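Biologist: Please take me closely through how the helices pack in this model, and then follow the chain into the parts around them. I would like the backbone geometry set beside the contacts and the burial, residue by residue where that helps.

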Amino acid sequence: MGAGPAGRAVAAAASDTGLQVALIDPNPRRVWPQTYAAWCDELPASVPQSALSEVMGRMRAFGTTMHEWPRAYAVIDNATLWKHLWRDDVTEISGRVVSAEHGSTGSTVHLKDGRRIASAVVVDASGAARVLSGGRPPRTSAQQTAVGVVLEEHEAAGLCPRGTGLFMDWRPAPDTRGGWPSFLYGVRLGGEQVLLEETSLARRPALPLALLRRRLRSRLGEAGVAIPEGAVEERVRFPVDDPLPRPGRVIPFGASAGLVHPATGFSVATSLRKAPWIASAITAGLPAGPAAAARAAWSILWPPRALAAHALRRRALQALLTFPPNLVPEFFESFFALPQHHQSAFLSVDHDPAATAAAMTAMFRRAPWPVRRQLVTGGLSLGRPHAHHGLGGL
């Protein structure tokens, strides 16, 4: 259920293992409108080079000073990736799933128009809606929001030079006025186009899109960049702190499964990497029954070491949400100054709790005292993750 990158990836992988697959979505043929990007070294080798619309060899970041990372970063060509994940033997069903019931021999998915689809296993890739994975949590989520504009290369060359992207620029926009800070993100889209996006990494409640739009215009105006009439605008809003769903007969995947990285909001590379493993687990478990197949997939989705790393990253997010606005750029200045292996470990799609804890400890030691004090009072613990940090603890 769900034809976004996560749903397409797991449907393709399941089809490749020989399973009969149905993909249900209100518009399964729609090519994704969002801009997706990832570190090149985190994309699986199965993703063809043609599915990358632009590769930037270096990324810049500003906390209070400029840092440059020699790590390749790619913007995904959505149409090409969609074609790469399309399988002619996957049955596409236009419809909206509302519920599912489960028996010993399989499951029945109920669509809004009254249709019922019989299946051995159900994968919920409905994104933040989490339709069959508990729904939206009954609390205000921390959300990442952004407003971006697509410009021609010559208009944005000063902010995003050829071969270079802008990961985060936390220097304040002219009209921030002491509010919660946001940063400028900039990537090259290919075809001589550049996306510049004013982004709120995470805030509860979310920073309004109208505020981010004003900040973007004032920031670009200060840099001498005029936004042309009719320029394409991109708007972003999604949660970054949803609780992980509990194991059951439905297998969540992508954002429904909590695969959104708490520190970056990235999830596409993780989904592309995990999809073949999930499909293989389902295939291997099915001879023992649908429930066994679901358990096998869950064991791949969230093993104990992944839970421990995720818990640490969530603690860092919760601590950051308590920061006074003036300290946020200082926090990121300390992070951007870390050795690259520590940065990569914390931002990685891989779940290595030891490397994550080491990166957080190095960050704490490097940070100035006001940032350290806030990390402590914000509840960040840099000790060894305890066994109780499982699904229920998140």
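Modeller: In this predicted model, helix α9 (residues 340–347) and helix α10 (residues 353–366) pack with their axes 8 Å apart and at an angle of about 125 degrees. That angle is over the 115 degrees that bounds the roughly perpendicular class but not over 145, and α9 and α10 are therefore oblique to each other. The crossing of α9 with α10 is left-handed. On the α9 side the contact is made by H342, A345 and F346, and these meet A355, T356, A358, A359, M360 and A362 of α10. Sorted by class, the residues of this contact comprise 7 nonpolar and 2 polar ones, with no charged residues.

The pair formed by α5 and α6 can be described in the same terms. The axes of helix α5 (residues 268–285) and helix α6 (residues 290–301) come within 7 Å and cross at roughly 150 degrees. Since an angle over 145 degrees counts as roughly antiparallel, that is the term for α5 and α6. Their crossing is right-handed. From α5, the residues K274, W277, I278, A281, I282 and G285 take part, and from α6 they are met by A292, A293, A296, A297, I300 and L301. The contact of α5 with α6 holds 10 nonpolar residues, 1 polar and 1 charged; the charged one is K274 and the polar one is G285, by the classes used here.

The α6 partner is 12 residues long and reaches 16 Å from its first C-alpha to its last, close to the 16 Å expected at 1.5 Å a residue. Its buried residues are P290, A292, A293, A294, A297, W298 and L301. Among these, A292, A293, A297 and L301 also belong to the contact with α5. Residues three or four places apart in an α-helix point the same way, because such a helix has 3.6 residues a turn. The cover over the buried residues of α6 includes α5 together with the strands β9 (106–111) and β17 (250–252).

Helix α4 (residues 209–222) brings the strands into the picture. It has 14 residues and a reach of 20 Å between its first and last C-alpha, close to the 20 Å expected at 1.5 Å a residue. Buried in α4 are L209, L211, L212, R215, L216, S218, R219 and L220, a list that includes R215 and R219 alongside the leucines. What covers them includes β12 (143–152), β13 (164–169), β14 (183–190), β15 (193–203) and β16 (233–239).

The chain on either side of α4 has its own backbone features. P205 is found in the loop between β15 and α4, and the peptide bond that leads to it from R204 is cis, with omega near -5 degrees. Just after α4, G224 takes a positive phi of about 80 degrees. I227 is placed in the loop between α4 and β16, where it touches R217 and L220 as well as V149 and L151, leaving aside residues up to four places away in sequence. I227 and A156 are 71 residues apart in sequence, and their C-alpha atoms are 9.9 Å apart in space.

Strand β13, one of those covering α4, contains M168. With a relative accessible area of 5%, M168 is buried, as it falls under the 20% cut-off. Residues up to four places away aside, M168 touches R60, A61, F62, F183, L184, L201, F332 and F336. F62, one of these, is 106 residues from M168 in sequence but 6.1 Å from it in space, C-alpha to C-alpha.

Two further loops deserve a look for their phi values. Most residues other than glycine have a negative phi, and most peptide bonds are trans. R130, in the loop between β11 (122–124) and β12, has a positive phi near 50 degrees and counts as buried at 4% relative accessibility. E192, in the loop between β14 and β15, has a positive phi of about 65 degrees although it is not a glycine, and with a relative accessible area of 42% it is partly exposed.

Key:
Residues numbered from 1 in each chain as written. Predicted model: local features only at pLDDT ≥ 70, side-chain atom pairs only at ≥ 80, totals over all residues. Heavy atoms only, no water. Axes fitted to C-alpha atoms, helices over the stretch in contact; angles between N-to-C directions. Helix = DSSP H or I, 4+ residues; strand = E, 2+ residues; numbered from the N terminus. Parallel < 35°, antiparallel > 145°, perpendicular 65-115°, else oblique. Left-handed = near helix turned anticlockwise from the far one by under 90°. Contact = heavy atoms within 4.5 Å. Expected span 1.5 Å × (residues − 1). Buried < 20%, exposed > 50% of the residue type's maximum accessible area, 1.4 Å probe, protein only.
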